[in-house]
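Colleague: Before I plan anything at the bench, could we go through this model together, one question at a time?

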Amino acid sequence: MLKALNRSKILWPLVALAILLLFNLFFTPNFFRMEIMEGHLFGNLIDIIKNAAPIMLLAIGLTLVIATHGIDISVGSVVAISAGVVAMLIGGDLEGNTRFPIAFAMAVALLVCTTAGMWNGMLVSRIGMQPIVATLILFVAGRGIAMVTTNAMVIWLYAEPFAYLGQGYLLGLPFSIYIVVFLLLATFLATRKTALGMFIEAVGINPTATRFAGINSKNILFGVYAFSGFCAGVSGLIVCSTVMSADGNNAGNLFELDAILAVVLGGTSLNGGRFFLLGSMVGALIIQTLTTTIYAFNVPPEISQVVKALVVYGVSLLQSDRLQAALAGVLGRREAA
Amino acid sequence: MKARRPVINPRSLPVLITLILFLAMFSAGSIAFMGFFSLQNFLNLFIDNAYLLILAIGMTFVIISGGIDLSVGSMLALSTMVASSLLEKSHLSPVFVIPIVLAMGTALGLFMGYLIHAFNLPPFIITLAGLYLARGLCYVVSIDTIAITNEFWQKAAYSRIDLIGYNSLTPGALIAIGIVLAGLYISRFTKFGRTVYAIGGNEQSALLMGLPVAGTKIAIYAFNGFCSALAGIVFTFYTLSGYALNGKGMELDAIAAVVIGGTLLTGGAGSILGTVVAVLVYGTIQVLIMFQGTLNSWWTRIVIGFLVFLFCFLQRLFESGKNALVWKERPQETQVSSADL
Amino acid sequence: MSESAPILEINKINKYFPGVRALFNVDFRLFKGEVHTIMGQNGAGKSTLVKVLTGVHKHDSGEMLLEGKSIRPDSPLAAQKLGISTVYQEINLCPNLSVAENIFVGRQPMKLGRIDWKELNHRAEEALSRLHISIDVTQLLSSYSIAIQQMVAIVRVLDVSSKILVLDEPTSSLDETEVEQLFKVIRKLRDDGLAILFITHFLDQTYRISDRITILRNGELVGEFKTEALPKLELIAKMLGKELSEFSYDITGGESRKEITGADREAKNLLQVKELGLRGRIAPFSLDLDEGEVLGLAGLLGSGRTEMARLIFGIEVANRGEIHVRGKKKDINAPRAAMLAGMGFCSEDRKNEGVFSELTVRENIILALQGARGIFRYIPKKKQLEIADELIKSLDIKTPSANNEAGQLSGGNQQKLMLARWLATNPFILILDEPTRGIDVGAKVEVMELVLNLSRQGMGVIFISSEFEELIRCSTKIAVLKDKEKIAELSGEEMSESGIMHAIAGGK
């Protein structure tokens, strides 16, 4: 049983999350306290899932991309583009009047971001560029595009209905988490209840053999990058809605790094192959719990960056084959060859 | 037994393209704008981008070896913070500050290089975490900007070394040029430099050939850390302050410079010279935009992004073109020439 | 070949792995100035012995004496320092460095603290010319053919140290001319007094180049023989531990073939290829394949057999000619199109083009079938297991279960896995590119019998093999290729080794 869990790779992330929560149980006063205020749940745990939502959304798309042995470092910039587009279309009118209907603005933003993802997909699948190179382009240019869209200004929004996305509550829980769950469920069904998941894993493990087996690997590659762009679009909408503003320079800053970390912590290997959507969600929660724990201790928030780095080093070491082999040798157990 | 000569020498072509690009841009600027064509304007490219040049030289070695380092921007920022803090808050003399900062950068680079090699961890992740680490440590030192009032530093910032006519360079630019020359020498004339190329070409083979792969790999990251720290010091000559938000995104600028300079991100091929010309291109774009006056300076980002695309696209075309020209005996994955069903 | 004391003497070497006895009391001798080949099936201990010699493994008991001194190298580098140089099948050089640099990297001549490039290039030219090779040493290694790259590898290791040269499967990627070039170099080195250990599974080459042969079986020494005193059939028999009469398949291959050609005179046409060609790849060719036929593609390495197969299957797209499947014209512009038209294809490069090592055996088997059905018509897990188990049984694939990772299977079983994948799609036509390469003799026999069975059931098979004997045994007709062109088609009595060789020799 333990071996099966270990092989499923979700054990370690869950253990890590559990350790963090246990730590808080003992050392952080009122960490788990939840109250009902203003008609919704309120507390540290709620903060964690609310703040983790944008990263979790990115991680969903990124998990599939990484499963194909690819990477998408442009997602942070695409988040900024999404925020910029939707803000421009809604408009900063102080009365709350919108330039275009909110739904329309959101749809356009999502379309733009999916197109950005398709651009990445085209570079990787049709032109055959390495993913890090292909997405590097949009990373660099994307922020420029976002800044040009917003004319290098921060756009403030006052259209109340839009705030519901990132700040609203439904049945006591933040609305944004429903979006995450919905997208997660949809992705899970699409990949595990159809052959899509298997095809994605096959592409990641051996793209040539996949093509020879009669599977259209190019379309699959194209699709996962487009989807990653879409997820970044949704994430950008939530980010924009949460702060009711679009800052082309800072929106989505370092998001890609957090998202990739979440996926890696969740058990999906950077080399592609087997992927674990739930694991990525746990990974995102670990990162956010860490940050919230640090806030709760009144430690300067910047320290969270240092702690995140040390966590990454720790987890990477634990996942490292060499270290595991060395430990196994020391403990006298032999791994079956 | 006669050799099959490749139709186009793959090694010099990318650098040539970058060079042509630079000359084209500089000429275009000279024609379009008054006062563009001057020696000082050319030298300014080195003055204004000295820090980027140093970063990119270090990054070139990392990428040639097949690795990558995302932490250099944050390391630069950390260096500026530590330097300014030691000078202004601890009142240490520059004689101590400079070696301390350089040692710190080298040590951090060494640390990451060790993790990457000893535990076979992906450079992407480890240097990513290094980015967080360095950035976080910046804030630990100080959240606010620290202005540098130290005399030596002020002198370094304002002094000019006069050349012919009224043209001049700054100490920062000279340091950058020094690193360039060092980089050229190392890459061409030292065993260490050649081992870097070997590792990038085929690490497994390099190991079997008895090359000191472990030591070299770790040294590459240590050297890159050194360059980041040096770039930080040069940056403070330029800005006379330490600011935690410095260097955001600079690692991408450095990587872009290396790519545009003709180095393959897969490793094994590249040149210091190419990187230098690429930094000149970067600088020229910024100057062009400045001269133009109306364009948002963020357009630099977009143009650089486009150039990276162009170069990678050309590299890709060239790779598949080479496959078609050279007769490979063993079956290979070939480009499918029409769309799959 | 001096008969004085051997330069290398291995006495009663034992090597154990968990649960396996790889080498048992093995003796081995190597003399200066000879080419000595070790022969044995997979699992005979051949590669273990070499690995013990070259420092990859350490022997558990017994002794190795190099020039009379006891040695026990603990790494390839240590072995190299002792004078044992190895050149592997995968050229362990750096393709992005020049030829000269590859020879000297790590030991570059220095002048005033910097690398002396002029001296480096000069020395490289000298070293190569000692082997009668003259090429531009400043060009990148990757711009040269594999054959030349191998010679550079040999020059490098000999330059570093040179008491014993171990050549591990050096000819796998070479064509006939290149093999002869390599052999010329080997003969010169031998005549100069070098002790050479040669490892290959090509029987013919063993007879061409070796002075002596050592045979291993099941980790034990069968014997050490002078090549000229050991007939080929006896060698095979000793390797398999069988008597000659025990061979289950017919060497002249008349029976089973007659069965097929006789019964299926009314056979329907499955595949008709008309003047299919791709500029720069292969000259336009035509062929027919009926139900129950096995078309063998014969030719030397580089003759275009793989190109032909890949063109038919859509891996590369022809720019002229037509393909008709069962009478209907098909536009085969991708493997998917070929699969949907009823074809299957097993690549010769199992590792990079066939097996998904991290996926389970089950997933590997049903993947093509699932690919045909598309994304949405997902095969339920239970059905997947059913299909997989059935094929595992009928092909006798040795795996603990269908849910094990495919990467854990042996070479022969991985080959069967590939076959299973395509059989699951029920193709009319099966194209097999070197299905018997790199697997042990027992598995080879199984694969060939499978091919014959499939053709008896009415499938059309295109079969590529570098071993003419295999082709003759299994095929109903043989197409002969040379230099990327189909030059002849043989059937009936014409199908013999000499028939094929004549076709190749006498062709355009």
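Colleague: Leaving aside neighbours within four places in sequence, which residues is B:Gly242 in contact with?
Modeller: This is a predicted model, in which local features need pLDDT of at least 70, side-chain atom pairs count only at pLDDT 80 or more, and totals for chains, interfaces and linings use all residues. Residues are numbered from 1 along each chain as its sequence is written, while chains are lettered from A and ligands numbered from 1 in the order in which they are written. Taking contact to mean C-beta atoms, placed from the backbone, within 7 Å, B:Gly242 has as its partners B:Thr80, B:Met81, B:Ala83, B:Ser84, B:Ser85, B:Thr145, B:Ile146 and B:Thr236.

Colleague: Is B:Gly242 buried or exposed?
Modeller: A residue is buried if 20 or more other C-beta atoms lie within 10 Å of its own, exposed if 12 or fewer, and partly exposed in between. B:Gly242 has 29 C-beta neighbours inside 10 Å, and therefore counts as buried.

Colleague: Which helix gives the largest share of the largest nonpolar core?
Modeller: A nonpolar core is a set of buried Ala, Val, Leu, Ile, Met, Phe, Trp, Tyr and Cys residues joined through C-beta atoms within 7 Å, and the largest one has 364 residues, with B:Leu230 among those having the most contacts inside it. The largest share of this core, 16 residues, comes from chain B, residues 213-239, a helix (a DSSP run of H or I, at least four residues, numbered from the N terminus) named α11.

Colleague: Leaving aside neighbours within four places in sequence, what is B:Leu230 in contact with?
Modeller: With those sequence neighbours left out, the contacts of B:Leu230 are B:Ile54, B:Leu102, B:Ile175 and B:Ile179.

Colleague: How far does helix α5 of chain B reach from its first C-alpha to its last?
Modeller: This helix covers residues 94-118, 25 in number, and B:Leu102 is one of its buried residues. The expected span, 1.5 Å times one less than the number of residues, is 36 Å here, and the helix comes close to that value, reaching 35 Å.

How values were computed. Helices (H or I, at least four residues) and strands (E, at least two) are DSSP runs, numbered from the N terminus. Two residues are in contact if their C-beta atoms, placed from the backbone, lie within 7 Å.
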